[in-house]
Amino acid sequence: MPTDDELAGALSAARAGHEHGFAVLWRELHPAVLRYLRVVAGDAAEDAASETWLQVARDLDRFTGDPAAFRGWLFRIARHRGIDELRRARRRREEPAETLETGTPARDAAAEAIEGVETAWALDRVMALPADQAEAVMLRIVAGLDVAATARVLGKRPGAVRIATMRGLRRLGADPQVRDRAGENVHESREGV
Amino acid sequence: MRPLDALLRAMRTWRDHRHGLDEADRLAAGGRAGPGSPGLDHLLDALRAPAAPGERGGEHTVAATLAAERRRAAKTTRRRGRTPASTRTIVVSTATALVVLGAAGTAVAAGTGHLPPVVQQRAHRLFSALGVPAPRTGPPSTAASPSTAPGKPTVATTRPSPASTATIAVPARQLAWCVAWRKAAGGGHPMNGRDRRDLIAAAGGEERVERYCGALSGSPAATPAATTSAPGKSGSHRATPSHPAPHATTPSHPGGKK
């Protein structure tokens, strides 16, 4: 994991249009962006992530701040793009004549191929939460934003973010699938699977 | 006694609440939930797992594309005295086509099966996203709404003009089609119907797609045969020039949404 100094260096390199700067930022932050967007936009996560990064590339000269601030800025863009893509995807679904994809793969199959089985499963459990809790959990746990930054991304008060995170985590802890999964996994690893 | 009970209860509730909030903060900071919440640690670990191959592939292609986009945006922001759209189109398209083709060589190579399918999908998605701003060939509209980064004060910058956006959109879009086409041909995710029609139209027929894509990527079509391509809709040989009108999507900026 790059240090803050390395990320700051990558940021200015990226701002100047250097490829290696974007490579560092992408490597470090894209998985979290994609997972967060999976929860916000479902199937449209990949499109939304591409849109997010392109907008970052376009608007980077307007961003001033340290790597921590960049994280917040990035996820704010991601949220907007995710909501946009979700809307667009819904509109597309209303025009079935426009696409050939009659047999689209199940969401799980696509996500599993990208994020891996366990992570896709975990994201699925988070998606089962009420939206505000799901987003708070993702931004706090996966994106690693602090309460204040999460509040800015979501346009909420910090207190509301803390409560949503707490409720989301409690609900996940009580989710029967979550409680069962741990046991199954122990079992599987003992069998050497 | 009554008021005291009420107060004690209120304090206890408050304490539980505080405790819950602190616990959530602790978990967010990487703390373990422990055996009290079986499975929760497993779930959080899975959420935070290191990048899967599908999440980190295509790094070079992506980085090159983003860097090119950054340089393009910087150029269009700086250049305020406008040259005629036609001149700008030629200059920008020549410069950016080289960059995009260089980068996309990798992306199209990905279509030949050198990379996992999800990486191909990534490349495809990224390149198709590149072409999203609606190209226009007419004079650039003066209503270039300056949008701000979210939460930042408005800075007087010009948006990249639609005309110059179009020039990068064309090769990127076509390359994205080719990546998607080859992915579908290789038994992967079926291609978006509208893109498929546009690609066939641009190539001048379904049987010419392979050659078209080969020429576009600068490499001879060392690819899986197109015979196994997505089913149906082989017609629609529209005689469009090689710059078919992309989908009318609007350029997107987060500032315009709040």
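**Chatting through a two-chain helical model**

Author: Happy to walk you through this predicted model. In chain A, take the contacts between residues at least 6 apart in sequence: 62% of them join residues at least 24 apart.

Reader: Nice. What helices and strands does chain A have?

Author: Chain A has 10 helices and 0 strands. Along the sequence its pattern reads α-α-α-α-α-α-α-α-α-α. Of its 193 residues, 51% are buried.

Reader: And how many helices and strands are in chain B?

Author: Chain B has 9 helices and 0 strands. Buried residues account for 43% of its 258 residues.

Reader: What share of the contacts in chain B between residues at least 6 apart join residues at least 24 apart?

Author: That share is 77% in chain B.

Reader: Let's zoom in on α7 of chain A. How far apart are its end C-alpha atoms?

Author: They are 16 Å apart. Helix α7(A) covers residues 131-142, and at 1.5 Å a residue its 12 residues should span 16 Å, so the two values agree.

Reader: Cool. How many of its residues are buried?

Author: 10 of the 12 are buried, so α7(A) is largely enclosed by the rest of the structure. Among the buried ones are Q133(A), E135(A) and R140(A), along with V137(A), M138(A), L139(A) and I141(A).

Reader: What follows the helix?

Author: G144(A) follows α7(A), and its phi is positive, near 75°. Helix α8(A), residues 147-154, is likewise followed by a glycine, G155(A), with a positive phi near 65°.

Reader: Since you mention α8(A), which of its residues are buried, and what covers them?

Author: V147(A), A149(A), T150(A), A151(A) and V153(A) are buried in α8(A). Their cover includes α4 (67-94), α7 and α9 of chain A.

Reader: Back to α7(A), then. At what angle do its axis and that of α9(A) cross?

Author: The crossing is at roughly 95°, and the axes come within 8 Å. Angles from 65 to 115 degrees count as roughly perpendicular, so that is how α7(A) and α9(A) lie to each other.

Reader: Which residues meet there?

Author: From α7(A), the contact includes D132(A), Q133(A), A134(A) and R140(A). On the α9(A) side, V161(A), T165(A), R167(A), G168(A) and R171(A) are among the partners. By class, this contact has 6 nonpolar, 3 polar and 4 charged residues.

Reader: Switching topic: which residues touch the most other members of the largest nonpolar core?

Author: In that core of 73 residues, they are V33(A), Y36(A), L37(A), L74(A), V126(A), M138(A) and L47(B). Helix α2 of chain A, residues 19-41, supplies the largest share, 14 residues.

Reader: What is Y36(A) in contact with, beyond its sequence neighbours?

Author: Leaving out neighbours within four places in sequence, Y36(A) is in contact with F75(A), A78(A), M138(A), L139(A), V142(A) and A143(A). M138(A), L139(A) and V142(A) are also buried residues of α7(A).

Reader: What other core lies apart from that one?

Author: There is another core, of 17 residues, and A180(B), M191(B), A203(B) and Y212(B) are among them.

Reader: One last spot, R196(B). Where is it, and is it buried or exposed?

Author: R196(B) sits in helix α8 of chain B, residues 193-203. It has 25 C-beta neighbours inside 10 Å, so it counts as buried. E206(B) is 10 residues away along the chain, and the two C-alpha atoms are separated by 9.3 Å.

Terms used
Residues are numbered from 1 along each chain as its sequence is written. Chains are lettered from A and ligands numbered from 1 in the order in which they are written. This is a predicted model: local features need pLDDT of at least 70, side-chain atom pairs count only at pLDDT 80 or more; totals for chains, interfaces and linings use all residues. Helices (H or I, at least four residues) and strands (E, at least two) are DSSP runs, numbered from the N terminus. The expected span of a helix is 1.5 Å times one less than its number of residues. A residue is buried if 20 or more other C-beta atoms lie within 10 Å of its own, exposed if 12 or fewer, and partly exposed in between; C-beta atoms are placed from the backbone. Two residues are in contact if their C-beta atoms, placed from the backbone, lie within 7 Å. Axes are lines fitted to C-alpha atoms, for helices over the stretch in contact, and angles run from 0 to 180 degrees between N-to-C directions. Angles under 35 degrees count as roughly parallel, over 145 as roughly antiparallel, 65 to 115 as roughly perpendicular and the rest as oblique. Ala, Val, Leu, Ile, Met, Phe, Trp, Tyr, Cys and Pro count as nonpolar, Asp, Glu, Lys and Arg as charged, and the others, Gly among them, as polar. A nonpolar core is a set of buried Ala, Val, Leu, Ile, Met, Phe, Trp, Tyr and Cys residues joined through C-beta atoms within 7 Å.
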